[in-house]
Amino acid sequence: MPKITVALYAGLKARAHAPEGASEFDLDIPEGSKIGDIIKLLDLPDDEVANIFVDRSLKDREYIVKDGQRIAFFPLIAGG
């Protein structure tokens, strides 16, 4: 079973099914999981996840995650 590191930024930390108080943690995932599957596994609001970086490269929800990768989720950020 692959193990990845998940990092949650800004308001996503409070919205996710994650260890309490953790913004970065390890997670075991089923083989062949896509980023979209991890969003569902963490119970993240799909419409609030704007950017996803895998080992510092921008990826989409169809990317298949590999063992040892770090996945960072960023929400939409509004400014003015």
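The following legends describe close-up views of a predicted model.

**View 1. Salt bridge between R70 and E24.** The closest N and O atoms of R70 and E24 are 2.9 Å apart. R70 belongs to strand β5 (residues 70–75) and E24 to strand β2 (residues 24–28), so the bridge ties together parts of the chain that are 46 residues apart in sequence. Both partners are partly exposed: the relative accessible area is 29% for R70 and 43% for E24. This pair is one of three salt bridges found in a search of the whole structure. Side chains of opposite charge can pair when their charged atoms come close.

**View 2. Salt bridge between E62 and K34.** Here the closest N and O atoms are 3.0 Å apart. E62 is located in the loop between β4 (57–58) and β5, and K34 in the loop between β2 and α2 (35–41); the pair therefore ties together parts that are 28 residues apart in sequence. E62 is exposed, its relative accessible area being 52%, whereas K34, with a relative accessible area of 30%, is partly exposed.

**View 3. Salt bridge between D46 and R61.** The side chains of D46 and R61 meet with an N to O distance of 2.9 Å. D46 lies in the loop between α2 and β3 (49–54), while R61 lies in the loop between β4 and β5, so this bridge ties together parts that are 15 residues apart in sequence. D46 has a relative accessible area of 43% and is partly exposed. R61 likewise counts as partly exposed, at 26% relative accessibility.

**View 4. Surroundings of Y63 in the loop between β4 and β5.** Y63 counts as buried because its relative accessibility is 18%, and buried means under 20% relative accessible area. Leaving aside neighbours within four places in sequence, Y63 is in contact with S33, K34, I35, V54 and Q69. One of these contacts, K34, is also the salt-bridge partner of E62. In addition, the side chain of Y63 makes a polar contact of 3.2 Å with the side chain of K66. As a reference distance along the fold, the C-alpha atoms of Y63 and P19 are separated by 24 Å, these residues being 44 residues apart along the chain.

**View 5. Surroundings of I29 in the loop between β2 and α2.** I29 is buried, with a relative accessible area of 0%. Apart from its neighbours within four places in sequence, I29 is in contact with M1, P2, I4, I38, L41 and V65. The C-alpha atoms of I29 and K3 are separated by 6.2 Å, although the two residues are 26 residues apart along the chain.

**View 6. The largest nonpolar core.** This core has 21 residues, and L44 and F73 are those with the most contacts inside it. At least two residues of the core are supplied by each of β1 (3–8), β2, α2, β3 and β5. In soluble globular proteins, nonpolar side chains tend to be buried together.

Terms used
Residues numbered from 1 in each chain as written. Predicted model: local features only at pLDDT ≥ 70, side-chain atom pairs only at ≥ 80, totals over all residues. Heavy atoms only, no water. Salt bridge = Lys/Arg side-chain N within 4 Å of Asp/Glu carboxyl O. Helix = DSSP H or I, 4+ residues; strand = E, 2+ residues; numbered from the N terminus. Buried < 20%, exposed > 50% of the residue type's maximum accessible area, 1.4 Å probe, protein only. Contact = heavy atoms within 4.5 Å. Polar contact = N/O pair within 3.5 Å; in protein donor to acceptor, adjacent residues only side chain to side chain. Core = buried A, V, L, I, M, F, W, Y, C linked by side-chain atoms within 4.5 Å.
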